[in-house]
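User: Could you walk me through some of the packing and backbone details of this protein? I'd like the reasoning along with each value.

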Amino acid sequence: MSEDEELPDLDGGAARSINSTAVSGGGGDQNYVSPSPDQVLENVLENVLYFLTSRHDRNAASLVCKSWFRAEALTRSELFIGNCYSVSPGRVTNRFKQIKAIAIKGKPRFSDFSLLPPDWGAHFANWLRAMAASYRALEKVYLKRMCVTDEDLAITAHSFPFLKELVFVCCEGFGTDGLAIIARECRHIRVLELVDTDVTDDEVDWISCFPDNVTCLESLIFDCVETPINFEALERLVARSPSLKKLRLNSYISIRQLYRLMIRAPQLTHLGTGSFNTSEIVAQSEQEPDYFSAFAACKSLICLSGFKEIIPEYLSAIYPVCGILTSLNLSYANISAEQLKPVIRQCHKLQTFWALDSIGDEGLQAVSVACKDLRELRVFPVEALEDVEGPVSEVGLLTISEGCRKLQSILYFCQRMTNAAVIAMSKNCPDLVVFRLCIMGRHRPDHVTGEPMDEGFGAIVKNCKKLTRLAVSGLLTDRVFKYIGQYGKLLRTLSVAFAGDSDLGLKYLLEGCPKLQKLEIRDCPFGDSALFAGLHHYYDMRFMWLSSCKVTRQGCEEVARQLPGLVVEVIASGEEENETNEYVDTMYLYRSLDRPRPDAPRFVHIL
Amino acid sequence: MAYENDMNLKATELRLGLPGTIDESQIKEPSFLKSNNKRSSGDMDNSANEDECSPVPKAQVVGWPPVRSYRKNVLQQQKKNFDSDVLGMYVKVSMDGAPYLRKIDIKVYKNYPDLLVALENMFKFSIGVYSEREGYNGSEYAPTYEDKDGDWMLVGDVPWDMFVNSCKRLRIMKGSEVKGLGCL
């Protein structure tokens with residue numbers, strides 16, 4: 001649960017097809033007589049593989065026969081590694097020779113919420129070593145939840161002279177030193193994006209490190225970088241980057257500075273406004289720039305975010321673009337419904353809207369009236385606590401479901417909810433693909449009926465036939481899992497916390513959901529016998545996470561014994577080696593083609 | 001645990017709740033958490049201030065509700081800024097050689113550069129470059145402040161938040177006294 005930007009579709013993908021070929025005995029060549037193999041290869045390459053971009057299609061193609069396998073491996077240019085430990089870098093570089101774009105995901109998502117001790121792993125260095133040797137033509141690197149050091153960035157800059165795109169999502173381990181190296185040395189860099197990434201302040205002016213000539217920058221995103229910026233250098237950089245389309249500023253950029261940047265870059269399509277505040281003491285008489293006209297000049301601005309320290313009075317400056325916006329992220333703007341209304345009622349093309357719950361049910365009402373095209377809604381809490389009065393409730397959810405019938409994805413934090421509202425949404429919004437509801441009070445029932453929230457979530461899995469991602473919360477019994485197992489046939493990702501009564505809950509899931517790939521569970525009473533119920537399925541999953549549940553070490557060992565292709569990690573959360581603890585703190589299992597990772601820290605036991 | 005020596009005071013404790021119900025206080029504080037709050041700017045000493053300023057939560061569980069710490073930190077900082085906007089923190093500013101003093105609200109500024117630029121503008125002078133070793137180089141002025149203990153300190157040595165909370169008044173020193181500082 002929680003915010004999680006969707007991965008831009010970088011196609012390619014090793015794990016699945018490699019896994020299949022390993023199982024089917026892929027390995028050394030036998031005496032294989034093929035009818036004119038060159039002919040086959042040529043036909044295949046021309047007619048099929050050239051056009052195959054989706055990694056799922058490529059994986060399927062690679063299974064046809066050995067020559068297709070080889071041909072596919074030679075022509076695949078984009079690689080997607082969903083779990084950096086599922087396959088060794090060496091195996092990948094051996095099979096694929098022509099990689100131009102790679103996406104690697106590391107830590108499990110619950111690490112975002114401090115459930116994974118630091119130094120767990122996911123070091124980019126291991127992959128970098130192999131890639132630097134084999135993929136000199138690499139152009140695009142996308143990393144999510146990986147540990148990257150300044151040295152890694154230096155090696156990256158030196159090893160890939162044609163690097164065009166570098167994207168870090170939820171990463172950590174490097175600082176502005178590393179950014180300076182990238183800016184200085186990657187001469188062809190077009191895309192440099194840092195999203196929700198921790199960047200240490202080495203007090204280096206990295207913006208000044210970009211070369212002096214005209215750049216080919218198309219996207220520069222650094223809104224999460226909490227360090228001061230040399231504004232004059234940034235202004236010059238924007239002025240000499242005619243291709244710049246996406247610019248997301250950090251909160252050290254004031255609204256006056258934003259103005260100066262905007263008038264230099266009216267071609268922007270994506271803008272992160274920085275603080276949207278003024279840090280200088282402005283004398284009352286002093287002229288403020290015409291922010292409204294700056295926005296009016298941006299004829300292509302479709303995606304707006306930032307507002308990290310918003311002065312609500314400035315919000316009216318964005319009116320000129322409201323009519324063309326498809327995406328608006330106000331999730332750092334603590335504004336009221338009254339302050340939102342004049343903006344949102346103009347946003348009739350809006351498809352994506354992120355906000356804080358400060359807008360209340362009333363603000364959501366305004367959204368539901370104005371944004372008929374809404375596909376994605378995220379409502380975050382101003383106060384992420386359990387025992388406060390929340391400004392949004394089932395009323396807001398209901399009104400959204402009634403007004404925004406095309407809704408596909410929702411993330412909703414609230415303090416109280418009812419089954420009725422959730423059931424209504426399941427019927428009003430049949431296109432839902434992602435449904436993530438976080439009732440912040442643990443074990444909280446339907447606040448009107450006092451019942452568990454089973455029926456609400458049950459209706460979601462039953463009525464939303466396209467649902468692939470679900471996060472549940474509130475008071476939940478085993479029954480909700482029965483529903484999910486029964487109806488969640490397309491479900492790929494499931495997030496569960498403080499729910500269920502017994503092993504049956506997890507059993508229903510593992511036996512009922514054939515497409516389940518990513519299962520993260522915390523604080524549920526699921527034990528060993530539930531764990532064993534999934535033995536038939538774990539090889540088909542990307543991972544399963546169980547923390548603060550009731551699985552024992554022996555149970556985990558048994559799973560590891562029965563499934564040698566699985567890596568079963570038992571992670572201790574404290575320093576004390578608690579021998580007396582009956583249950584493991586955290587179990588994290590995932591399939592792997594190679595032997596378990598050598599870089600596991602001492603608090604991780606691989607069984 | 002804590003109650004063992006306490007003559008079971010818990011039994012006689014007055015609480016709002018049905019008899020027999022226990023407060024589910026699952027305060028899981030794994031030791032690694034203490035160092036987990038990585039902040040990129042050395043001046044934004046968030047983890048220390050969070051303990052000072054925020055009210056004690058009822059029964060906090062690790063990682064719940066599932067909101068990323070970056071987001072929580074931003075919102076926390078906003079709250080602090082809002083509070084200071086309302087309260088303000090005005091200190092007197094004197095400049096050697098100037099005929100009268102000024103007053104500024106130091107909570108308006110986010111960091112040292114902001115403050116120093118404002119002072120430069122206010123008094124029309126140039127401050128020079130700060131370094132830990134040598135203080136302010138390249139100018140005959142140095143910004144100093146009186147802290148809570150009554151000592152005169154050089155502006156810039158301590159983290160920003162600490163400075164804001166301990167600064168009583170500012171003095172922009174000039175001339176020979178400044179050179180003395182440089183020799184320390």
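Analyst: Happy to. One term first: a cavity is a set of grid points where a 1.4 Å probe fits but cannot get out, and its lining residues have an atom within 4 Å of a point. Please keep in mind that this is a predicted model.

User: Which residues lie nearest the centre of the second largest cavity?

Analyst: By the rule used here, there are two cavities of 30 Å³ or more. The second largest holds about 50 Å³ of space. Its lining has 11 residues, and the ones nearest its centre are F110(A), S495(A), A497(A), W64(B) and P66(B).

User: Which element gives the largest share of that lining, and how does the lining of the second largest cavity divide by class?

Analyst: Three lining residues come from one strand, β18 (residues 493-497) of chain A, and that is the largest share. By class, the lining of this second largest cavity has seven nonpolar, two polar and two charged residues.

User: Where is P65(B) found, and is its peptide bond with W64(B) cis or trans?

Analyst: P65(B) sits in the loop between α2 (46-53) and α3 (69-87) of chain B. Most peptide bonds are trans. The bond joining W64(B) and P65(B) has an omega of about -5 degrees, and it is cis.

User: Is the phi of D119(A) positive or negative?

Analyst: D119(A) lies in the loop between β2 (101-105) and α6 of chain A. Most residues other than glycine have a negative phi. D119(A) is not a glycine, yet its phi is about 65 degrees, that is, positive.

User: Are α6(A) and α7(A) roughly parallel or roughly antiparallel?

Analyst: Helix α6 (residues 124-134) and helix α7 (residues 150-159), both of chain A, pack at an angle of about 15 degrees, with axes 10 Å apart. Angles under 35 degrees count as roughly parallel. Therefore α6(A) and α7(A) are roughly parallel.

User: Is the crossing of α6(A) past α7(A) left-handed or right-handed, and which residues meet there?

Analyst: The crossing is left-handed. By class, the contact of α6(A) with α7(A) has five nonpolar, two polar and one charged residues. From α6(A) come F124(A), A125(A), L128(A) and A132(A), and they meet D152(A), I155(A), T156(A) and S159(A) of α7(A).

User: How does helix α16 of chain A pack against α17(A), and how do the contact residues divide by class?

Analyst: Helix α16 (residues 419-428) and helix α17 (residues 454-463) of chain A pack at about 5 degrees, with their axes 7 Å apart. That angle makes α16(A) roughly parallel to α17(A). The contact includes V422(A) and I423(A) of α16(A) along with F457(A) and I460(A) of α17(A). Its residues divide into five nonpolar, four polar and three charged.

User: What about α15(A) and α16(A): at what angle do they pack, and which residues of α16(A) does α15(A) meet?

Analyst: Helix α15 (residues 394-403) of chain A packs against α16(A) at about 15 degrees, with the axes 9 Å apart. So α15(A) is roughly parallel to α16(A), and α15(A) passes α16(A) in a left-handed crossing. Residues of α15(A), including L397(A), L398(A) and I400(A), meet A421(A), V422(A), A424(A), M425(A) and N428(A) of α16(A).

How values were computed:
Residues are numbered from 1 along each chain as its sequence is written. Chains are lettered from A and ligands numbered from 1 in the order in which they are written. This is a predicted model: local features need pLDDT of at least 70, side-chain atom pairs count only at pLDDT 80 or more; totals for chains, interfaces and linings use all residues. Side-chain values use heavy atoms; hydrogens and water are left out. Axes are lines fitted to C-alpha atoms, for helices over the stretch in contact, and angles run from 0 to 180 degrees between N-to-C directions. Helices (H or I, at least four residues) and strands (E, at least two) are DSSP runs, numbered from the N terminus. Angles under 35 degrees count as roughly parallel, over 145 as roughly antiparallel, 65 to 115 as roughly perpendicular and the rest as oblique. A crossing is left-handed if the near helix is turned anticlockwise from the far one by less than a right angle, and right-handed if clockwise. Contact means heavy atoms within 4.5 Å. Ala, Val, Leu, Ile, Met, Phe, Trp, Tyr, Cys and Pro count as nonpolar, Asp, Glu, Lys and Arg as charged, and the others, Gly among them, as polar. On a 1 Å grid over the protein atoms alone, a cavity is a set of points where a 1.4 Å probe fits but cannot get out, and a pocket is an open set with protein on both sides within 12 Å along at least five of seven lines; lining residues have an atom within 4 Å of a point. Grid points are joined across faces, edges and corners, and a volume is the space filled by probe spheres set on the points.
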